[in-house]
Amino acid sequence: MFTDRDLKSKLSSIDGRGYKAYKSIAGMYRFPHFQLFIDHVQSDPFAPPSRIRVRVPQDMAGFPGHLFKNYHRRAALQDYLTRQFARSISVISQGKTGSGKSGIISIDRCGQEILERTAMVVNDRFVEARLAIGLPARGRTIMAKEAISIFFDQMSEIVSRSLYYKNLHQKQLQRHIELVEDQAYLQSKLLEQGLVAFVANGSILPRESGVSDKPLTGKNVIPFRAPKSLEVTFELPNNGRVTGMGIPKGVTLIVGGGYHGKSTLLRAIERGVYHHIPGDGREFVVTVPDAVKIRAEDGRSVQGVNISGFINNLPFQQDTEKFSTENASGSTSQAANIVEALEVGTSLLLLDEDTSATNFMIRDGRMQKLVSKEQEPITPFIDRVRELYDKYAVSSILVVGGSGDYFTVADCVIKMENYTVKDVTKEAKEIAAQSMDTRRREVSNEFSITRRIFNPAGFKLNNRDKVKARGLYQIQYGRKDINLHYVEQLVDDSQTNAIAEIIRYAAKHYFNGKLTLAEVVDSVLNDIKQFGLDVISPFKGQHPGNLALPRKHEICSAINRMRGVETL
Ligand code: ADP
Ligand code: MG
């Protein structure tokens, strides 16, 4: 290992030279208060910035072991430190100082969710932040003085403000960790209490806007309050008692007039699979971790999915037990989304009428009279939703403002009225009992789930093929593009990065023509559990600083949407 003085003299000696001379600073350096690893030096000021790590040994960093003694505490601590590091950068860094990305210091950006990330590592031995730095240049001429300022002044200050326990807001850090621990605890208790979701009293569900995930503020925001009949209380490990609405297993409807907050409630439940930061408003909105949002997604590709439980007798005898298309319709895409979710394993489906295909959700009595079952390929969801619960223990929460036919199949009906919740199960059941039901349940076959095996050939990459995520919704996998716009529980760009790498990793290690899709993804997730999220990184000897852990469901969603792959 070199010393900080070595770095200073190297930098001074290449001042004013061409950018390529920066390559000579790659290596490890011991500074008085941290170790610096220059893993990868960018080739040019406009290229992706250099990959750098700063590490503080625990005997100096001083984080007490209880702050990272289990999985959730460690993830929460790492999350807090990543945010703290980003805050310190914004205070200390002088920003762009030359051409291209010169002078810009960055660490992975965290949103409202708390996710396991590669940006920060805490263990018994050290605390390590993984960064990107644009090494400064004027045009393509090295600016050594500016580089020295980055490593010797700015970085020292940022590290001291972020990676030293004694310099942190320790109470705030403790609260952050304890909150995550409580959320995880609550999540683990749901099913055993007969629940699939919990929304605490006082929660703030609406978001600032359609493009901001921050909580809505102002005097017109109505905090959540549970109806008495659905109220449950939990004793949390750290934050005492929390009371709110428990949504029971089974089939639950959310009804109510337009603009009364139905979708907002469902969306909060959707996101309840993740942990949220203090101040988010959804800290104690918690859902079973394998809940899947289902929607119509016409135009998506589908590969070999058994949708026969929902769709049968298509024109031209198209096979619906092994249904493939490059261009699904609203109803076939929604059917495929459900069957794929069941294939990976889920205990809760979430559907909103706003994003569902009407003919997939319901066929009423009058329509049944006019168009006979023989002429209608679709078995609507209303005729399967109970079977899914009774046979497969898969619950559903549905937003339905438009069809009272669903009262017959529901266990629980909650009504949104001016953003407050009422339990109207009794009334709905009475209405269903009194008024003549003109529709008949129409099913022609038993529902079945088929586990698919993909042909490994579709995942082969050529030497020059790139694997790259672009933002939240787009993955380029070699010549194939994956569109994730309608995968609604994907929340972070770094999850998309990770999904891209996971598919590449799975192609290399597990897609073998024998393992099912779910087994392939489980195998990758097992490796991640055992070796850490770094294991999927393609960089050897360089840190993968911008990966965040996705759920199994979103990984499968990406593979399911790949065009040009096929099942065996
Ligand atoms: P619905 O699905 O019933 O038509 P939405 O859930 O889309 O209604 O909500 C309509 C509007 O009301 C949205 O702009 C949403 O942000 C806002 N909203 C939802 N819940 C609340 C609340 N508790 N307090 C204030 N505004 C809310
Ligand atoms: Mg709505």
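The expected span of a helix is 1.5 Å times one less than its number of residues. Keep that rule at hand for the first stop. The model on screen is predicted.

**Stop 1: helix 7**

Select residues 330-344, which form helix 7. With 15 residues at 1.5 Å a residue, helix 7 should span 21 Å. Its end C-alpha atoms lie 22 Å apart, which agrees. Now colour by accessibility. Helix 7 is mostly covered, with 15 of its 15 residues buried. Step just past the end of helix 7 to G345, where phi is positive at about 110°.

**Stop 2: the cavity**

Stay with helix 7 and show internal voids. The count comes to one cavity of 30 Å³ or more. The largest cavity has a volume of about 200 Å³. Its lining holds 20 residues; select V292, K293, H553, S557 and R561, the closest to its centre.

Which elements each supply at least two residues of the lining? They are strand 19 (292-294), helix 7 and helix 14 (552-560). Helix 14 gives the largest share, five residues. Colour the lining by residue class: seven are nonpolar, five polar and eight charged.

**Stop 3: the magnesium ion**

Centre on ligand 2, the magnesium ion. Which residues coordinate the magnesium ion? S263 does so through OG and D354 through OD, at 2.1 to 2.2 Å. S263 sits in helix 6 (residues 262-271), and D354 in the loop between strand 22 (348-352) and helix 8 (358-361), so the pair ties together parts that are 91 residues apart in sequence.

Are the two residues buried or exposed? S263 counts as buried because its relative accessibility is 15%, under the 20% cut-off. D354 is exposed, with a relative accessible area of 55%; the cut-off there is over 50%.

**Stop 4: two backbone outliers to check**

Go to Y259, in the loop between strand 16 (251-256) and helix 6. Y259 is not a glycine, yet its phi is positive, at about 70°. Turn on the surface: Y259 is exposed, with a relative accessible area of 75%.

Then select N313. Look for N313 in the loop between strand 20 (302-305) and strand 21 (323-325). N313 is not a glycine either, and its phi is positive at about 55°. N313 is exposed, with a relative accessible area of 62%.

Technical notes:
Residues numbered from 1 in each chain as written. Chains lettered and ligands numbered in written order. Predicted model: local features only at pLDDT ≥ 70, side-chain atom pairs only at ≥ 80, totals over all residues. Heavy atoms only, no water. Donors = N, O, S within 2.8 Å, 3.2 Å for Na, K, Ca; no water. Helix = DSSP H or I, 4+ residues; strand = E, 2+ residues; numbered from the N terminus. Buried < 20%, exposed > 50% of the residue type's maximum accessible area, 1.4 Å probe, protein only. 1 Å grid on protein atoms, 1.4 Å probe; cavity = no way out; pocket = protein on both sides within 12 Å on 5 of 7 lines; lining within 4 Å. Points joined across faces, edges and corners; volume = space filled by probe spheres on them. Nonpolar A, V, L, I, M, F, W, Y, C, P; charged D, E, K, R; others polar.
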